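Thanks for coming. I have a short walk through one structure today, so please have the sequence and the model open.

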Amino acid sequence: MFDVESIRKDFPILDKQVYGKPLVYLDNAATTQKPRQVIDSISDCYLNTNANVHRGLHFLSEEATRQMENARETVRRFIGAGSTQEIIFTRGTTESLNLLAHSFTRAFIKPGDEVIVSCMEHHSNIVPWQLEAQKSGLALKVIPMDDRGNLDMEAFEGMLSDRTRLVSVTHVSNVLGTVNPIRDIVRIAHAHGVPVAVDGAQSVPHTGIDVQALDVDFLAFSGHKIYGPTGVGVLYGRKSLLEQMPPYQGGGEMIGRVSFEKTTYNELPYKFEAGTPDYVGVIALASALDYVTGIGIDAIAEYEHSLLDYAVERLSAIDGLRFIGTPAVRSGVVSFLVKDIFPSDMGTLLDHLGIAVRTGHHCAQPLMDRLGIPGTVRASVSFYNTRQEIDALAAGIERVAGMF
Ligand code: PMP
């Protein structure tokens, strides 16, 4: 049995009232709330072990370094990577993907080469490639989808050519909830000798991922979407590829030896970690992963899946509501529109009932163009949400719809 009531006790903010109503927090795809264990980890770092990592020989610096490197091991285990040298700490998914685009392009892209993304990417997996395209002459190819929000795998297979250098796709769509068939994507891409990068921002927290079992070459995710602090994230990369890629930023721990004539770089993963890292954030991220592991990612996935099924069932009964995205396999989010009510009006009125959802284009404007809509209303769940909260959402939507 999944004991959601006892889990909720770990998240103090969930007891909050907004506008005199109990908070119903259904904006977990934007960011998750933090358990007391993570908050305590942050204060414990500042109270007991704060010192800059790596360069100090003194007690506190060594302790902070030890905790940060333990955190790297926790991340490695959590995503099933083979080595901590493959775990690079960043500011989040966006920085991970910018690092990847920058360094991968410099190492492997020549004018006319191609990178394949999908039509349901977050801007974070589009714009970094466009920035690099301006400098390198790479071309972006886009995998289409059907009207339900499933990728067109046949079209994908037809797109791979001897110019394709990388496939970079989201695991789970932050708008449609589609769980993309990463195993098939990897199989097809690898058969052409093409590596695969996965945006795991919406999958790592909800379904988990095992990079070795799936054989993915890169994985990006954010700490704040998996119950950790803001400002910290991860880029996993296959060692043999990372070794060939140049640094992204310069300064700090990323150097081997610096002179005005020639600078050499540190070994992995430090080559990609310039400047003082957010070691407090990294240590707290490990607490978050420990917390998730304590509940169990499979139990989380199962519970959230049943909650989403329930949401789809309850919302289906609402007159004038249409779902945006009815994918074959769904995780985390449900997007919808009601009659011709603007998403922002729906969001504002739900907010006054204490219900937090997200509205708009969700940083996926090309997907909105594909769907022919300016935006959606999106409810996104976590393991701390309850069926009663889904009931409150359904009742709230009906009440708002009744006003129009
Ligand atoms: N990719 C996806 C699929 C996302 O949902 C998000 C966050 N909405 C991002 C990338 C960017 O994450 P961050 O803002 O934490 O860098």
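I will go through charged pairs, then a charged patch, then aromatic rings.

Keep in mind that this is a predicted model.

Let me start with the salt bridges. The count comes to 19. I will show three of them.

Take Glu-73 and Arg-77. They form a salt bridge, and their closest N and O atoms are 3.7 Å apart. Both residues sit in helix 3, which covers residues 59-79, and they are four residues apart, about one turn of the helix. Glu-73 has a relative accessible area of 27%, so it counts as partly exposed.

Next is Glu-95 with Arg-91. This salt bridge also has its closest N and O atoms 3.7 Å apart. Is Glu-95 buried or exposed? Its relative accessibility is 15%, and because the cut-off for buried is under 20%, Glu-95 counts as buried. Arg-91, with a relative accessible area of 60%, is exposed.

The third one is Asp-215 with Arg-238, where the closest N and O atoms are 2.9 Å apart. This pair links distant parts of the chain, 23 residues apart. Asp-215 is in the loop between helix 8 (211-214) and strand 9 (218-222). Arg-238 is in the loop between strand 10 (233-237) and helix 9 (239-242). Asp-215 is partly exposed at 34% relative accessibility, and Arg-238 is partly exposed at 24%. Elsewhere, Asp-27, Arg-358 and Arg-378 are joined into one network by salt bridges that share partners.

Now the patch. Which residues form the negative surface patch? They are Asp-146, Asp-152, Glu-154 and Glu-157. Of these, Glu-154 belongs to helix 6, residues 153-159. Glu-154 is exposed, at a relative accessible area of 72%.

Last, the aromatic rings. There are 11 aromatic pairs. In one of them, the ring centres of Phe-11 and Phe-383 are 6.1 Å apart and the planes meet at 65°, so this pair is edge-to-face. It links distant parts of the chain, with the two positions 372 residues apart in numbering. Phe-11 is in the loop between helix 1 (4-8) and strand 1 (17-18), and Phe-383 is in the loop between strand 17 (376-380) and helix 14 (387-403). Both Phe-11 and Phe-383 are buried.

Phe-383 also pairs edge-to-face with Tyr-384, at 5.8 Å centre to centre and 70° between the planes. Phe-383 has a relative accessible area of 0%, and the value for Tyr-384 is 0%. Phe-11, Phe-383 and Tyr-384 belong to one aromatic cluster that includes Tyr-227 and Tyr-291.

Terms used: Residues numbered from 1 in each chain as written. Predicted model: local features only at pLDDT ≥ 70, side-chain atom pairs only at ≥ 80, totals over all residues. Heavy atoms only, no water. Patch = residues over 30% accessible without salt bridge, like charges linked within 9 Å, V, L, I, M, F, W, Y side chains within 5 Å. Areas by Shrake-Rupley, 256 points an atom, 1.4 Å probe, with all protein chains shown as cover. Salt bridge = Lys/Arg side-chain N within 4 Å of Asp/Glu carboxyl O. Lys, Arg positive; Asp, Glu negative; His and termini not counted. Charge placed at Lys NZ, Arg CZ, Asp CG, Glu CD. Buried < 20%, exposed > 50% of the residue type's maximum accessible area, 1.4 Å probe, protein only. Phe/Tyr/Trp six-rings, centres within 6.5 Å; stacked < 30°, edge-to-face > 60°.
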